[in-house]
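I opened this notebook to record what I looked up, entry by entry. The entries run from the whole chain to single residues.

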Amino acid sequence: MTNQTADITPRHKTGIRPLYFGVLIVSLAILLLVNLALGSVDIPLGDIVQILVGREAASDAWNKIIINIRIPRAVTAVLAGSALSVGGLLMQTLFRNPLAGPSVLGITAGASLGVAIVMLAGGTITSIFAIQQLSAFGSWVIVIAASLGSAAVLLLILLISIKVRDNVTLLIIGLMIGNLTIALVSIWQYFSRPEQIQDYLIWTFGSLGGVPLDQLWILAVVTLVGGGIAMALSKPLNGLLLGENYARSMGLSVSGSRIWIIVSTSLLAGGITAFCGPIGFVGIAVPHLTRSLMGTNDHRVLIPATLLMGAILLLACDIVAQVPGSTTTLPISAVTSMVGSPVVIWVIIQRKNLQASF
(Lines give C-alpha, C1' and ligand atoms only; values in the text may rest on other atoms or scores of the structure.)
Protein backbone atom coordinates (compact mmCIF):
# COMPACT_ATOMS: atom_id res chain seq x y z
CA MET A 1 0.00 0.00 0.00
CA THR A 2 2.91 2.33 0.71
CA ASN A 3 4.36 1.63 -2.71
CA GLN A 4 1.04 2.43 -4.36
CA THR A 5 0.86 5.77 -2.63
CA ALA A 6 4.42 6.53 -3.68
CA ASP A 7 3.47 5.88 -7.28
CA ILE A 8 0.95 8.73 -7.07
CA THR A 9 3.39 11.31 -5.73
CA PRO A 10 6.97 10.66 -6.87
CA ARG A 11 9.46 12.73 -4.90
CA HIS A 12 11.85 13.69 -7.70
CA LYS A 13 9.68 16.49 -9.12
CA THR A 14 8.12 17.75 -5.90
CA GLY A 15 10.67 20.53 -5.39
CA ILE A 16 10.31 22.08 -8.87
CA ARG A 17 6.52 21.95 -9.18
CA PRO A 18 6.11 25.54 -7.89
CA LEU A 19 8.43 26.61 -10.73
CA TYR A 20 6.26 24.73 -13.23
CA PHE A 21 3.13 26.42 -11.90
CA GLY A 22 4.86 29.79 -12.20
CA VAL A 23 5.79 29.07 -15.83
CA LEU A 24 2.21 28.01 -16.59
CA ILE A 25 0.76 31.19 -15.07
CA VAL A 26 3.20 33.44 -16.96
CA SER A 27 2.53 31.54 -20.21
CA LEU A 28 -1.21 31.96 -19.68
CA ALA A 29 -0.84 35.72 -19.17
CA ILE A 30 1.33 36.11 -22.30
CA LEU A 31 -1.03 34.09 -24.51
CA LEU A 32 -4.00 36.03 -23.13
CA LEU A 33 -2.42 39.32 -24.21
CA VAL A 34 -1.49 37.91 -27.62
CA ASN A 35 -5.06 36.66 -28.07
CA LEU A 36 -6.47 40.08 -27.21
CA ALA A 37 -4.09 41.74 -29.69
CA LEU A 38 -5.29 39.61 -32.63
CA GLY A 39 -8.11 40.68 -34.90
CA SER A 40 -8.99 42.54 -38.07
CA VAL A 41 -8.35 45.86 -36.26
CA ASP A 42 -4.79 46.51 -35.08
CA ILE A 43 -4.79 47.78 -31.50
CA PRO A 44 -1.49 48.68 -29.80
CA LEU A 45 -0.54 46.47 -26.88
CA GLY A 46 -0.20 49.49 -24.63
CA ASP A 47 -3.82 50.47 -25.25
CA ILE A 48 -4.95 46.90 -24.55
CA VAL A 49 -3.21 47.02 -21.17
CA GLN A 50 -4.82 50.41 -20.49
CA ILE A 51 -8.26 48.93 -21.12
CA LEU A 52 -7.53 45.88 -18.94
CA VAL A 53 -6.61 48.07 -15.97
CA GLY A 54 -9.80 50.08 -16.34
CA ARG A 55 -8.53 53.10 -18.26
CA GLU A 56 -9.63 54.49 -21.60
CA ALA A 57 -7.72 53.73 -24.79
CA ALA A 58 -6.84 56.31 -27.43
CA SER A 59 -9.93 55.35 -29.47
CA ASP A 60 -13.42 54.70 -28.16
CA ALA A 61 -13.87 52.08 -30.89
CA TRP A 62 -10.91 50.16 -29.49
CA ASN A 63 -12.56 50.08 -26.07
CA LYS A 64 -15.71 48.55 -27.54
CA ILE A 65 -13.79 45.99 -29.60
CA ILE A 66 -11.70 44.81 -26.65
CA ILE A 67 -14.50 44.80 -24.05
CA ASN A 68 -17.38 43.49 -26.16
CA ILE A 69 -15.60 41.12 -28.56
CA ARG A 70 -12.05 40.13 -27.68
CA ILE A 71 -12.28 39.81 -23.89
CA PRO A 72 -15.39 37.53 -24.05
CA ARG A 73 -13.64 35.37 -26.67
CA ALA A 74 -10.40 35.11 -24.68
CA VAL A 75 -12.19 34.41 -21.39
CA THR A 76 -14.34 31.79 -23.15
CA ALA A 77 -11.16 30.11 -24.41
CA VAL A 78 -9.74 30.04 -20.86
CA LEU A 79 -12.96 28.63 -19.38
CA ALA A 80 -13.51 26.10 -22.19
CA GLY A 81 -9.93 24.84 -22.14
CA SER A 82 -9.94 24.45 -18.36
CA ALA A 83 -13.35 22.77 -18.22
CA LEU A 84 -12.79 20.26 -21.02
CA SER A 85 -9.32 19.36 -19.72
CA VAL A 86 -10.52 18.69 -16.17
CA GLY A 87 -13.49 16.76 -17.56
CA GLY A 88 -11.07 14.57 -19.51
CA LEU A 89 -8.91 14.04 -16.42
CA LEU A 90 -11.95 12.93 -14.40
CA MET A 91 -13.00 10.51 -17.13
CA GLN A 92 -9.54 8.98 -17.47
CA THR A 93 -9.37 8.41 -13.72
CA LEU A 94 -12.95 7.17 -13.34
CA PHE A 95 -12.63 4.60 -16.13
CA ARG A 96 -8.87 4.12 -15.67
CA ASN A 97 -8.60 4.53 -19.42
CA PRO A 98 -5.83 6.69 -20.97
CA LEU A 99 -7.95 7.47 -24.05
CA ALA A 100 -11.11 8.47 -22.21
CA GLY A 101 -12.46 11.99 -22.65
CA PRO A 102 -15.72 13.90 -23.11
CA SER A 103 -15.57 13.73 -26.91
CA VAL A 104 -14.38 10.11 -27.19
CA LEU A 105 -16.86 8.59 -24.73
CA GLY A 106 -19.82 10.34 -26.37
CA ILE A 107 -20.39 12.81 -23.52
CA THR A 108 -20.00 15.81 -25.82
CA ALA A 109 -22.41 14.18 -28.29
CA GLY A 110 -24.91 13.70 -25.46
CA ALA A 111 -24.61 17.38 -24.58
CA SER A 112 -25.20 18.26 -28.24
CA LEU A 113 -28.31 16.10 -28.26
CA GLY A 114 -29.62 17.88 -25.16
CA VAL A 115 -29.12 21.27 -26.78
CA ALA A 116 -30.70 20.07 -30.04
CA ILE A 117 -33.80 18.83 -28.22
CA VAL A 118 -34.29 22.22 -26.53
CA MET A 119 -33.85 24.06 -29.80
CA LEU A 120 -36.24 21.71 -31.57
CA ALA A 121 -38.86 22.33 -28.89
CA GLY A 122 -38.34 26.06 -29.41
CA GLY A 123 -38.90 25.72 -33.13
CA THR A 124 -35.37 26.50 -34.29
CA ILE A 125 -32.11 24.73 -34.92
CA THR A 126 -29.17 24.60 -32.56
CA SER A 127 -26.94 27.57 -33.35
CA ILE A 128 -24.36 29.74 -31.67
CA PHE A 129 -26.23 32.66 -33.21
CA ALA A 130 -29.50 31.52 -31.64
CA ILE A 131 -27.80 31.27 -28.25
CA GLN A 132 -26.69 34.89 -28.59
CA GLN A 133 -30.30 35.99 -28.97
CA LEU A 134 -31.54 34.22 -25.85
CA SER A 135 -32.03 35.84 -22.48
CA ALA A 136 -30.05 34.70 -19.45
CA PHE A 137 -32.94 32.39 -18.57
CA GLY A 138 -32.81 30.82 -22.02
CA SER A 139 -29.06 30.28 -21.66
CA TRP A 140 -29.57 28.51 -18.34
CA VAL A 141 -32.15 26.24 -20.03
CA ILE A 142 -29.60 25.33 -22.71
CA VAL A 143 -26.85 24.70 -20.14
CA ILE A 144 -29.15 22.47 -18.08
CA ALA A 145 -30.24 20.55 -21.18
CA ALA A 146 -26.64 20.04 -22.30
CA SER A 147 -25.59 18.94 -18.81
CA LEU A 148 -28.48 16.48 -18.60
CA GLY A 149 -27.63 15.10 -22.04
CA SER A 150 -23.99 14.56 -21.12
CA ALA A 151 -24.98 13.11 -17.72
CA ALA A 152 -27.35 10.63 -19.38
CA VAL A 153 -24.62 9.33 -21.70
CA LEU A 154 -22.05 9.22 -18.90
CA LEU A 155 -24.43 7.38 -16.59
CA LEU A 156 -25.19 4.84 -19.31
CA ILE A 157 -21.47 4.22 -19.92
CA LEU A 158 -20.90 3.94 -16.17
CA LEU A 159 -23.63 1.30 -15.88
CA ILE A 160 -22.11 -0.63 -18.78
CA SER A 161 -18.68 -0.41 -17.12
CA ILE A 162 -20.04 -2.47 -14.21
CA LYS A 163 -20.45 -5.40 -16.61
CA VAL A 164 -17.61 -4.62 -19.02
CA ARG A 165 -14.21 -4.31 -17.37
CA ASP A 166 -12.05 -4.17 -20.50
CA ASN A 167 -11.01 -0.58 -21.21
CA VAL A 168 -10.78 -0.98 -24.98
CA THR A 169 -14.25 -2.56 -25.17
CA LEU A 170 -15.67 0.23 -23.02
CA LEU A 171 -14.05 2.81 -25.26
CA ILE A 172 -15.65 1.25 -28.33
CA ILE A 173 -19.04 1.19 -26.58
CA GLY A 174 -18.61 4.87 -25.74
CA LEU A 175 -17.87 5.65 -29.37
CA MET A 176 -20.97 3.73 -30.48
CA ILE A 177 -23.18 5.57 -27.97
CA GLY A 178 -21.76 8.85 -29.25
CA ASN A 179 -22.51 7.80 -32.82
CA LEU A 180 -26.06 6.88 -31.79
CA THR A 181 -26.71 10.31 -30.33
CA ILE A 182 -25.23 11.95 -33.43
CA ALA A 183 -27.49 9.76 -35.59
CA LEU A 184 -30.57 10.94 -33.70
CA VAL A 185 -29.64 14.57 -34.35
CA SER A 186 -28.83 13.76 -38.00
CA ILE A 187 -32.30 12.28 -38.56
CA TRP A 188 -33.89 15.46 -37.22
CA GLN A 189 -31.45 17.50 -39.32
CA TYR A 190 -32.50 15.57 -42.43
CA PHE A 191 -36.08 16.81 -42.04
CA SER A 192 -35.01 20.42 -41.36
CA ARG A 193 -34.98 23.34 -43.77
CA PRO A 194 -31.73 24.08 -45.69
CA GLU A 195 -31.08 27.33 -43.80
CA GLN A 196 -31.46 25.49 -40.50
CA ILE A 197 -28.96 22.84 -41.59
CA GLN A 198 -26.44 25.54 -42.50
CA ASP A 199 -26.72 27.11 -39.04
CA TYR A 200 -26.35 23.71 -37.39
CA LEU A 201 -23.23 22.88 -39.38
CA ILE A 202 -21.67 26.19 -38.30
CA TRP A 203 -22.42 25.31 -34.68
CA THR A 204 -20.83 21.85 -35.01
CA PHE A 205 -17.55 23.46 -36.12
CA GLY A 206 -17.20 24.93 -32.63
CA SER A 207 -16.65 28.60 -31.85
CA LEU A 208 -15.25 30.65 -28.98
CA GLY A 209 -16.86 33.85 -30.23
CA GLY A 210 -20.50 32.96 -29.60
CA VAL A 211 -20.75 34.01 -25.93
CA PRO A 212 -21.88 37.65 -25.51
CA LEU A 213 -20.46 39.69 -22.66
CA ASP A 214 -23.74 39.82 -20.73
CA GLN A 215 -23.97 36.00 -20.69
CA LEU A 216 -20.31 35.23 -20.02
CA TRP A 217 -20.97 35.07 -16.28
CA ILE A 218 -23.30 32.09 -16.82
CA LEU A 219 -20.52 30.09 -18.47
CA ALA A 220 -18.13 31.21 -15.71
CA VAL A 221 -20.49 30.10 -12.93
CA VAL A 222 -21.07 26.67 -14.50
CA THR A 223 -17.32 26.16 -15.03
CA LEU A 224 -16.40 27.31 -11.50
CA VAL A 225 -19.02 25.05 -9.91
CA GLY A 226 -17.91 22.04 -11.96
CA GLY A 227 -14.23 22.80 -11.31
CA GLY A 228 -14.87 23.33 -7.60
CA ILE A 229 -16.55 19.93 -7.33
CA ALA A 230 -13.56 18.39 -9.14
CA MET A 231 -11.12 20.00 -6.69
CA ALA A 232 -13.14 18.69 -3.76
CA LEU A 233 -12.90 15.19 -5.28
CA SER A 234 -9.06 15.12 -5.25
CA LYS A 235 -8.83 12.56 -2.45
CA PRO A 236 -11.54 10.21 -3.82
CA LEU A 237 -9.94 10.43 -7.29
CA ASN A 238 -6.56 9.39 -5.85
CA GLY A 239 -8.28 6.49 -4.11
CA LEU A 240 -10.09 5.38 -7.28
CA LEU A 241 -6.83 5.50 -9.22
CA LEU A 242 -5.41 2.89 -6.83
CA GLY A 243 -8.50 0.68 -7.07
CA GLU A 244 -11.96 0.54 -5.56
CA ASN A 245 -10.86 -1.71 -2.69
CA TYR A 246 -8.14 0.75 -1.75
CA ALA A 247 -10.64 3.61 -1.93
CA ARG A 248 -13.02 1.79 0.41
CA SER A 249 -10.15 1.07 2.82
CA MET A 250 -9.64 4.84 3.00
CA GLY A 251 -13.24 5.20 4.13
CA LEU A 252 -14.41 6.66 0.82
CA SER A 253 -17.83 6.06 -0.70
CA VAL A 254 -17.12 4.77 -4.19
CA SER A 255 -20.72 5.11 -5.41
CA GLY A 256 -21.01 8.61 -3.97
CA SER A 257 -17.71 9.65 -5.57
CA ARG A 258 -18.88 8.36 -8.94
CA ILE A 259 -22.07 10.39 -8.72
CA TRP A 260 -20.18 13.59 -7.96
CA ILE A 261 -17.71 12.86 -10.77
CA ILE A 262 -20.68 12.54 -13.14
CA VAL A 263 -22.14 15.83 -11.87
CA SER A 264 -18.82 17.65 -12.28
CA THR A 265 -18.07 16.27 -15.75
CA SER A 266 -21.63 16.89 -16.95
CA LEU A 267 -21.49 20.53 -15.87
CA LEU A 268 -18.06 21.06 -17.40
CA ALA A 269 -18.68 19.30 -20.72
CA GLY A 270 -22.34 20.31 -20.97
CA GLY A 271 -21.79 23.99 -20.24
CA ILE A 272 -18.96 24.35 -22.75
CA THR A 273 -20.80 22.43 -25.47
CA ALA A 274 -23.93 24.54 -24.95
CA PHE A 275 -22.11 27.79 -25.62
CA CYS A 276 -19.15 26.79 -27.80
CA GLY A 277 -20.31 23.71 -29.69
CA PRO A 278 -18.44 20.38 -29.66
CA ILE A 279 -14.68 20.84 -29.16
CA GLY A 280 -12.64 17.67 -29.35
CA PHE A 281 -9.23 16.37 -28.26
CA VAL A 282 -8.58 18.96 -25.53
CA GLY A 283 -9.94 16.62 -22.86
CA ILE A 284 -7.72 13.77 -24.05
CA ALA A 285 -4.42 15.54 -24.71
CA VAL A 286 -4.12 17.99 -21.80
CA PRO A 287 -4.25 15.47 -18.90
CA HIS A 288 -1.39 13.50 -20.49
CA LEU A 289 0.65 16.66 -21.03
CA THR A 290 0.08 17.65 -17.42
CA ARG A 291 1.10 14.24 -16.04
CA SER A 292 4.28 14.37 -18.11
CA LEU A 293 5.13 17.87 -16.90
CA MET A 294 4.30 17.40 -13.23
CA GLY A 295 5.53 13.81 -12.93
CA THR A 296 2.66 12.79 -10.69
CA ASN A 297 -0.82 11.29 -10.63
CA ASP A 298 -1.81 13.13 -7.45
CA HIS A 299 -5.01 14.97 -8.31
CA ARG A 300 -4.29 17.67 -5.74
CA VAL A 301 -1.53 18.73 -8.14
CA LEU A 302 -3.02 17.50 -11.42
CA ILE A 303 -6.38 19.33 -11.26
CA PRO A 304 -5.04 22.91 -10.86
CA ALA A 305 -2.20 22.18 -13.29
CA THR A 306 -4.69 20.75 -15.81
CA LEU A 307 -6.85 23.86 -15.46
CA LEU A 308 -3.89 26.06 -16.39
CA MET A 309 -2.61 23.75 -19.15
CA GLY A 310 -6.05 23.48 -20.73
CA ALA A 311 -6.51 27.25 -20.77
CA ILE A 312 -3.04 27.68 -22.32
CA LEU A 313 -3.64 25.05 -25.02
CA LEU A 314 -7.02 26.42 -26.11
CA LEU A 315 -5.74 30.00 -26.14
CA ALA A 316 -2.88 28.83 -28.37
CA CYS A 317 -5.35 27.00 -30.63
CA ASP A 318 -7.53 30.11 -30.82
CA ILE A 319 -4.50 32.17 -31.87
CA VAL A 320 -3.88 29.66 -34.67
CA ALA A 321 -7.60 29.64 -35.56
CA GLN A 322 -7.66 33.40 -36.03
CA VAL A 323 -4.89 33.12 -38.66
CA PRO A 324 -2.75 36.11 -37.62
CA GLY A 325 -2.50 38.69 -40.38
CA SER A 326 -5.86 37.88 -41.98
CA THR A 327 -9.58 38.24 -41.35
CA THR A 328 -10.16 34.47 -41.57
CA THR A 329 -11.18 32.46 -38.51
CA LEU A 330 -10.85 28.68 -38.68
CA PRO A 331 -13.24 26.32 -36.83
CA ILE A 332 -11.77 25.83 -33.36
CA SER A 333 -12.67 22.11 -33.30
CA ALA A 334 -10.57 21.54 -36.43
CA VAL A 335 -7.58 23.32 -34.89
CA THR A 336 -7.82 21.42 -31.59
CA SER A 337 -7.91 18.15 -33.52
CA MET A 338 -4.82 19.10 -35.52
CA VAL A 339 -2.96 20.13 -32.37
CA GLY A 340 -4.33 17.44 -30.05
CA SER A 341 -3.67 14.42 -32.27
CA PRO A 342 0.11 14.92 -32.55
CA VAL A 343 0.28 15.68 -28.82
CA VAL A 344 -1.40 12.38 -27.94
CA ILE A 345 0.85 10.49 -30.39
CA TRP A 346 3.95 12.18 -28.92
CA VAL A 347 2.94 11.38 -25.35
CA ILE A 348 2.24 7.74 -26.25
CA ILE A 349 5.66 7.41 -27.93
CA GLN A 350 7.45 9.12 -25.04
CA ARG A 351 5.80 7.15 -22.26
CA LYS A 352 5.45 3.91 -24.27
CA ASN A 353 2.96 2.48 -21.79
CA LEU A 354 0.14 4.88 -20.87
CA GLN A 355 -1.83 2.14 -19.18
CA ALA A 356 0.85 1.92 -16.48
CA SER A 357 -0.38 5.27 -15.16
CA PHE A 358 -3.79 3.75 -14.44
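The entries below concern the fold, a pair of helices, one further helix with its flanks, and a few selected residues.

**Entry 1. The chain as a whole**

I noted at the outset that this is a predicted model. I looked up the secondary structure and found 16 helices and zero strands in the chain. I then checked burial: of the 358 residues, 53% count as buried. I also looked at the contacts with a separation of 6 or more, and residues 24 or more positions apart account for 77% of them.

**Entry 2. Helices α10 and α11**

I asked how the axes of α10 and α11 cross. Helix α10 covers residues 216–232 and helix α11 covers residues 234–241; their axes come within 4 Å and cross at roughly 60 degrees. The two helices are therefore oblique to each other. I listed the residues that meet: A230, M231 and A232 on the α10 side, and S234, P236 and L237 on the α11 side. By class, this contact has five nonpolar residues, one polar and no charged.

**Entry 3. L90 in helix α4**

I turned to L90, which lies in helix α4, residues 60–95. L90 has a relative accessible area of 0%, which is under 20%, so this residue counts as buried. Setting aside residues up to four places away in sequence, I found that L90 touches A230, L237, I261, S264 and T265. Of these, A230 belongs to α10 and L237 to α11, and both also take part in the contact recorded in Entry 2. I also recorded a C-alpha separation of 8.3 Å between L90 and G101, which are 11 residues apart along the chain.

**Entry 4. T265 and F275 in helix α13**

I followed the contact from L90 to T265, a residue of helix α13. T265 is buried, with a relative accessible area of 0%. Apart from neighbours within four places in sequence, T265 is in contact with G87, L90, M91, I107, L154 and G270.

F275 is also found in helix α13. I found F275 buried at a relative accessible area of 1%. Its C-alpha atom is separated by 8.4 Å from that of I142, although the two residues are 133 residues apart along the chain.

**Entry 5. Helix α14 and its flanks**

I looked first at the loop between α13 (254–276) and α14, where F281 is found. F281 has a positive phi of about 75 degrees although it is not a glycine. With a relative accessible area of 28%, F281 is partly exposed.

Helix α14 spans residues 282–294; its 13 residues reach 18 Å from the first C-alpha to the last, close to the 18 Å expected at 1.5 Å a residue. I asked how many residues of α14 are buried. The count is 10 of the 13, so α14 is largely enclosed by the rest of the structure. The buried residues are V282, G283, I284, A285, V286, P287, H288, T290, R291 and M294. Just after α14, G295 takes a positive phi of about 65 degrees.

**Entry 6. Cysteines**

I searched for disulfides and found that the structure holds zero. I then checked the burial of two cysteines. C276 is buried, with a relative accessible area of 0%. C317 also counts as buried, at 2% relative accessibility.

Definitions and conventions
Residues are numbered from 1 along each chain as its sequence is written. This is a predicted model: local features need pLDDT of at least 70, side-chain atom pairs count only at pLDDT 80 or more; totals for chains, interfaces and linings use all residues. Side-chain values use heavy atoms; hydrogens and water are left out. Axes are lines fitted to C-alpha atoms, for helices over the stretch in contact, and angles run from 0 to 180 degrees between N-to-C directions. Angles under 35 degrees count as roughly parallel, over 145 as roughly antiparallel, 65 to 115 as roughly perpendicular and the rest as oblique. Contact means heavy atoms within 4.5 Å. Ala, Val, Leu, Ile, Met, Phe, Trp, Tyr, Cys and Pro count as nonpolar, Asp, Glu, Lys and Arg as charged, and the others, Gly among them, as polar. The expected span of a helix is 1.5 Å times one less than its number of residues. Buried means under 20% relative accessible area, exposed over 50%, partly exposed in between (1.4 Å probe, protein chains only). A disulfide is a pair of cysteine sulfur atoms within 2.5 Å.
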